[in-house]
Amino acid sequence: MRKLLNTLYVATQGSYLRKEGETVVIEQGGEKALQLPIHTLGGIVAFGNVLCSPFLLGFCAERDITVSFLSEHGRFLAAVRGPVSGNVLLRRTQYRQADDPRVTRDVAKNIIEAKLANSRLVVNRAIRDHKERVDDSALSDAAAQIARYLQQLERAKNADEVRGIEGIGAALYFGVFNHLIVDQKHDFTFSERNRRPPLDEVNALLSFTYTLLAHDVRSALETVGLDPAVGFLHRDRPGRPGLALDLMEEFRSVIADRLVLSLINRRQVAKSGFKRAENGAVIMDDKTRKTLLVEYQNRKQTEVFHPYIEEKIPIGLLFFVQANLMARFLRGDLDGYPSFFWR
Amino acid sequence: MVDEDELIPISALQHVLFCERQYALIHLERVWEENRFTAEGNILHERVDIEHHESRRNYKAEYGLAIRSLSFGLIGKADVVEFEKDDAGRIVSIVPVEFKRGKNKEEDPDRVQLCAQALCLEEMFDCEISEGQLYYLGEHRRRSVEISEQLREKTSGLIERIRIIAASGATPEAVYERRKCDRCSLFDLCMPKTVDGGGKNVARYVQNQIRKSLHDEDTCKEDV
């Protein structure tokens with residue numbers, strides 16, 4: 001399997017990144033703070049006021065290292081990449097297939113089936129691991145209902161029906177999400193999913209983690225030559241990375257949500273690490289953000305079994321594997337898109 | 001004659017000879033994975049790839065010479081081309097020299113590449129080339145390669161094959177062969193084990209996963 005490379009996250013405001021030989025140098029306050037060989041990197045993510053020399057950007061583009069710029073709070077601003085890689089023929093195929101109602105239904109169905117199965121697994125594991133501390137019956141009930149909708153998906157006639165079932169499944173899952181928080185329950189309470197802006201600590205953590213996931217999925221799609229903007233489940237909307245959002249659905253609960261839950265349940269984050277802005281938006285401080293970034297990186301090193309390729313791979317490579325399976329499906333090597341089921 | 005846009009890079013000949021799918025992944029799909037071998041190859045070529053030349057009386061060597069043939073539809077670069085001249089300054093012989101990693105492999109890819117270079121040079125200088133040389137860095141010596149009729153046929157056959165695949169725009173199906181695939185730099189992008197034959201029936205895979213997910217709760221491994 002290909003090697004999982006590191007992502008360099010730069011969150012210190014006023015940092016300046018430049019190329020020195022085959023290394024990237026991070027300067028803070030005019031001083032060299034860090035120097036890393038570029039070949040160990042798979043991506044660079046800069047938060048807020050971080051500058052990057054054009055030569056470093058060019059070098060990264062040449063080496064297929066995605067450089068993304070996010071706002072200090074994790075909103076995507078821009079990504080820099082070199083000449084469009086991959087093949088125009090593949091992208092044309094992608095567009096044609098995305099216009100075919102049968103293909104969109106099949107792909108959307110497989111993705112949402114994996115999404116529901118995976119989110120149900122998160123619920124079931126909470127029951128198993130924290131039996132005494134969770135509302136067992138509410139969780140079992142939600143898991144059972146999600147299972148029912150999961151079975152219904154097989155009969156979905158079109159992508160719209162898939163989207164409808166997805167909506168119900170997500171509502172059931174987020175309806176019991178607060179029960180999955182077993183520690184610091186008073187400081188971290190989840191009532192509903194909100195993101196523009198996140199109105200509580202849990203939503204702030206979720207939104208930020210989803211941004212990291214989106215960045216990784218998007219680069220994986222670009223690496224295999226697919227257009228992240230044109231999806232099957234998510235309809236085209238200017239500026240929206242539809243296909244990246246499609247692929248993210250399989251990973252949200254098992255990678256992002258579980259990461260957020262374990263940060264709270266293991267007391268790696270605390271309520272004091274967040275502040276509330278005038279508009280009600282809850283934002284995390286630098287220390288909390290750093291904790292999350294480190295844990296996300298650690299999580300990516302963890303190995304999981306991929307049931308379709310039947311190999312153990314680090315979570316960080318899942319995005320690449322799924323992007324490549326999508327490309328192989330669109331090219332006709334596979335007779336469907338094999339979504340990722342967590343075991 | 002071939003349109004300039006359709007010129008085939010000489011490197012494609014080695015790829016198609018090794019594996020038609022590898023050729024398509026690199027040249028049609030444009031996916032490329034560096035591995036140790038390609039990285040070493042690049043470093044090696046940095047040494048000879050800089051365009052410059054060397055001349056003495058009656059002898060001239062061009063480094064990194066851009067070459068092409070419109071009749072064969074080839075384009076590429078020759079590591080070194082040696083020109084021998086007579087006293088009147090007329091070219092009497094042209095010898096392409098290709099640098100290779102490691103030791104003499106007696107393998108066709110290197111010879112085919114050399115032959116393709118010879119075809120280009122013959123067209124460019126309107127001459128006949130009977131030999132080329134392979135320089136293996138591992139053994140620090142040159143070996144002469146005859147640009148034989150047989151080698152020419154093999155090379156033009158591969159060019160023809162490339163044209164057919166390129167025109168179809170389709171990547172040939174994967175066939176997993178351990179000996180070849182396991183050392184191929186494109187293994188992860190090609191997914192030969194996954195898509196070879198057994199790569200079908202995704203619907204059944206998804207159904208199995210759902211069934212397992214609904215019934216085998218105990219398969220859950222311990223929480224991370």
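Q: This is a predicted model. Which residues of helix 1 in chain A are called buried, and what does that take?
A: In helix 1 (residues 54-62) of chain A, the buried ones are Leu56(A), Leu57(A), Phe59(A) and Cys60(A). The word takes a relative accessible area under 20%, so each of these four residues falls below that cut-off.

Q: How do you know that they sit on the same side of helix 1 of chain A?
A: Look at the arc around the axis: they cover only 165 degrees of it, and therefore they share one side of the helix.

Q: What makes Pro54(A), Phe55(A) and Glu62(A) count as exposed?
A: Exposed means over 50% relative accessible area. These three residues, on the other side of helix 1 of chain A, are exposed, so they pass that mark.

Q: What covers the buried residues of helix 1 of chain A?
A: Quite a few strands of chain A are part of the cover, including strand 2 (16-20), strand 3 (23-28) and strand 5 (41-47). Strand 6 (51-52), strand 7 (66-70) and strand 8 (76-80) are also among them.

Q: What is the sign of phi at Asp64(A), just after helix 1 of chain A?
A: Positive: Asp64(A) has a phi of about 65 degrees.

Q: Why is the set of 113 residues called a nonpolar core?
A: The name calls for buried residues of the nonpolar kinds joined through side-chain atoms within 4.5 Å, so the 113 residues of the largest core are linked in that way. Those with the most contacts inside it are Phe177(A), Leu205(A), Leu226(A), Ile255(A) and Met326(A). Helix 3 (residues 101-129) of chain A supplies the largest share, 13 residues.

Q: What makes Phe190(A) a contact of Phe177(A)?
A: A contact needs heavy atoms within 4.5 Å, and Phe177(A) touches Phe190(A), so the pair meets that limit. Leaving out residues up to four places away in sequence, Phe177(A) also touches Val202(A), Leu206(A), Asp257(A) and Leu261(A).

Q: How many residues are in the second, separate core?
A: That core has 33, and Tyr23(B), Val112(B), Ala118(B) and Cys120(B) are among them.

Q: Why is the largest empty space called a cavity?
A: A cavity is where a 1.4 Å probe fits but cannot get out, so the name means this space of about 40 Å³ is closed to that probe. Its lining draws on Leu90(A), Val224(A), Asn324(A), Ala327(A), Arg328(A), Arg331(A), Glu29(B), Val31(B) and Leu189(B). Helix 10 (residues 315-330) of chain A gives the most to that lining, with 3 residues.

Methods: Residues numbered from 1 in each chain as written. Chains lettered and ligands numbered in written order. Predicted model: local features only at pLDDT ≥ 70, side-chain atom pairs only at ≥ 80, totals over all residues. Heavy atoms only, no water. Buried < 20%, exposed > 50% of the residue type's maximum accessible area, 1.4 Å probe, protein only. Helix = DSSP H or I, 4+ residues; strand = E, 2+ residues; numbered from the N terminus. Arc of directions from axis to C-beta. 1 Å grid on protein atoms, 1.4 Å probe; cavity = no way out; pocket = protein on both sides within 12 Å on 5 of 7 lines; lining within 4 Å. Points joined across faces, edges and corners; volume = space filled by probe spheres on them.
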